[in-house]
Amino acid sequence: MPRTLIALLMTLAMALMLAASPLAPAVRIAHAEGTNVAAGQTASGSSGAASGASGASGGESTTPIAGPVPNVIITNFTYGEGSVAVGSDFTLSFTFQNKGKVAVSNMVVTVDGGENFAIAGGTNTFYFDALYAGRSATQSVPMQALPAAKSGAQGVTVSFRYEYVDSGSRSSSSSDIRISVPVSQPDRFQLDAPVPPEDATVGNETTITMNYVNKGKGDIANVEASIEGDGFDTTAKTQYIGNVASGANGSIGFAFTPTQSGELQAKLHIAYEDSDGKAQSKDFPVTVNVADAAPMPDDTAMAVDEQSQQGMPAWAWAAIAVAVIVVVVLIVVLVRRRRKKKAKKNEIDEEWDEWNKPDGDGKTGPSDHADGVPGSSATTAPTVPVPAPSAADPEATRLIATPQTPTSAAEGQSADQAQARRARRGRA
């Protein structure tokens with residue numbers, strides 16, 4: 001009996017202690033999950049008591065709090081080695097990972113190349129059924145750099161759209177991630193071969209020229225040219241050209257003075273930065289044939305040449321014109337005189353031929369008839385033939401025939417006419 005009484009008193013004391021403590025039923029409820037029905041009933045009753053105690057203590061809310069939104073990020077991507085040349089194809093491969101605490105599902109991935117890239121076959125949208133927390137996936141996209149793409153780093157946008165379950169409810173989220181792909185323009189800065197001078201001489205300044213054109217889509221920067229070699233002098237061996245825009249052209253010229261004859265070996269060095277900012281350089285060897293300097297001309301000849309180039313004064317031209325007029329007049333006068341002499345000589349020759357013509361009776365000399373007396377005849381004295389006058393002394397060779405005494409007036413008149421003709425021939 002005493003032992004039974006002691007056990008009953010101890011049980012009653014423990015019940016009183018549990019009833020006095022409001023936290024004890026809540027603790028039992030937290031650790032009573034999965035126990036037997038009796039324990040569940042006790043937890044349920046105690047839970048009601050705890051709920052009443054909680055309401056009595058101040059009315060704290062029991063609504064569950066939503067968890068954090070899961071994040072999907074790109075952890076790595078590749079596009080090949082170096083930069084992507086415009087107009088070329090490449091494969092963009094990227095790896096993305098779920099950094100959240102819950103799984104995502106119904107994920108849609110979209111790749112947008114903007115104005116510089118295009119999808120080289122296929123689609124730019126991809127679907128993933130689920131991506132669990134901490135897991136990652138990789139996607140490859142065939143792409144092409146457009147011919148009109150700008151040089152430098154150009155962006156590609158990757159968009160993620162997905163859903164997830166949090167505290168028993170379904171939510172959606174999205175994120176856009178931008179990655180950069182370097183694009184390079186081909187180096188199309190064209191430099192023509194140098195043009196050497198054709199008549200280079202020692203001591204005379206001459207020029208070597210070179211033409212250039214930028215056929216690329218990007219600008220060429222910091223163009224610098226220099227000339228190297230021996231056997232010549234120049235005021236500036238290096239010259240700065242500057243930037244050359246796309247499609248621009250021009251020429252580079254180096255003025256130099258050869259100091260020795262023969263073949264002059266020189267080199268033109270061109271340095272610049274291409275559209276990607278990379279340093280480039282090109283060398284062009286050139287050979288110039290240099291001749292010896294020509295001898296100095298005579299000062300007197302130079303003075304005469306300069307005077308002739310300056311021109312004659314007006315009075316000299318007037319004098320020349322007067323002289324020409326005088327010469328023309330003299331020529332005209334001489335020609336006329338010569339024509340008169342020739343005509344006179346022809347007349348004398350005709351008269352001489354008439355004198356030597358024989359008459360009807362076989363005698364030479366003119367046959368004269370009496371004027372106004374028909375049928376009358378005149379008897380002339382015999383005459384001696386007169387030779388042609390000599391050009392040296394016409395008077396010495398002139399023979400004057402002495403006519404016989406005329407028998408009539410007609411005969412005397414004929415003789416006078418013949419004598420006059422002979423006189424004229426003698427004077428000629």
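Me: How accessible is E228, in relative terms?
Reply: E228 has 36% relative accessibility, so E228 counts as partly exposed. Bear in mind that this is a predicted model.

Me: Which residue does E228 form a salt bridge with?
Reply: K267 is the partner of E228, and the closest N and O atoms of the two are 3.4 Å apart. K267 counts as partly exposed because its relative accessibility is 32%.

Me: Which parts of the chain does that pair tie together?
Reply: E228 is in strand 13 (residues 220-229) and K267 is in strand 17 (residues 262-273), so the salt bridge ties together parts that are 39 residues apart in sequence.

Me: Why can side chains like that pair at all?
Reply: Side chains of opposite charge can pair when their charged atoms come close.

Me: How many salt bridges does a search of the whole structure find?
Reply: The search gives three. One of them joins D176 to R161, with the closest N and O atoms 3.2 Å apart. D176 belongs to strand 9 (residues 169-184) and R161 to strand 8 (residues 152-166), and the two residues are 15 apart along the chain, so this pair too links distant parts of it.

Me: Is R161 buried, partly exposed or exposed?
Reply: R161 is partly exposed, because its relative accessible area is 38%.

Me: And which side chain does E163 meet in a salt bridge?
Reply: E163 meets R170, at 3.3 Å from N to O. R170 has 53% relative accessibility and so counts as exposed. E163 has 27%, so E163 counts as partly exposed.

Me: Back to strand 17. Where is E263 found?
Reply: E263 is found in strand 17. E263 counts as exposed because its relative accessibility is 59%, and the cut-off for exposed is over 50%.

Me: How far is E263 from G231, in sequence and in space?
Reply: E263 and G231 are 32 residues apart in sequence, and their C-alpha atoms are 9.3 Å apart in space.

Me: What about D199 and A291, how far apart are they?
Reply: In sequence D199 and A291 are 92 residues apart, while in space the distance is 7.6 Å, C-alpha to C-alpha. D199 sits in the loop between strand 10 (189-191) and strand 11 (200-201). With 63% relative accessibility, D199 counts as exposed.

Me: Switching to the backbone. What is phi of N106?
Reply: Phi of N106 is near 50°, which is a positive value in a residue other than glycine. N106 is part of strand 4 (residues 104-112). N106 is partly exposed, at a relative accessible area of 34%.

Me: What phi does N222 have?
Reply: N222 has a positive phi of about 55°, and N222 is not a glycine either. N222 is located in strand 13. Its relative accessibility is 33%, so N222 counts as partly exposed.

Me: Now the inside. How many cavities of 30 Å³ or more are there?
Reply: The count comes to two cavities. The second largest has a volume of about 40 Å³.

Me: Which residues line the second largest cavity?
Reply: The lining is made of Q185, P186, D187, R188, N214, G216, K217, G218, I220, D274 and S275.

Me: How many of those are nonpolar, polar and charged?
Reply: The lining of the second largest cavity divides into two nonpolar, five polar and four charged residues.

Me: Last topic, the surface. Which residues form a nonpolar patch there?
Reply: The patch is formed by W317, I320, V324, V328 and V332. Together these residues have about 460 Å² of accessible area.

Me: Where does V332 lie, and how exposed is it?
Reply: V332 lies in helix 5 (residues 314-355). V332 has a relative accessible area of 38%, so V332 is partly exposed.

Me: Why does 38% make V332 partly exposed?
Reply: Buried means under 20% and exposed means over 50%, with partly exposed in between, so the 38% of V332 falls in the partly exposed class.

Definitions and conventions. Residues numbered from 1 in each chain as written. Predicted model: local features only at pLDDT ≥ 70, side-chain atom pairs only at ≥ 80, totals over all residues. Heavy atoms only, no water. Patch = residues over 30% accessible without salt bridge, like charges linked within 9 Å, V, L, I, M, F, W, Y side chains within 5 Å. Areas by Shrake-Rupley, 256 points an atom, 1.4 Å probe, with all protein chains shown as cover. Salt bridge = Lys/Arg side-chain N within 4 Å of Asp/Glu carboxyl O. Helix = DSSP H or I, 4+ residues; strand = E, 2+ residues; numbered from the N terminus. Buried < 20%, exposed > 50% of the residue type's maximum accessible area, 1.4 Å probe, protein only. 1 Å grid on protein atoms, 1.4 Å probe; cavity = no way out; pocket = protein on both sides within 12 Å on 5 of 7 lines; lining within 4 Å. Points joined across faces, edges and corners; volume = space filled by probe spheres on them. Nonpolar A, V, L, I, M, F, W, Y, C, P; charged D, E, K, R; others polar.
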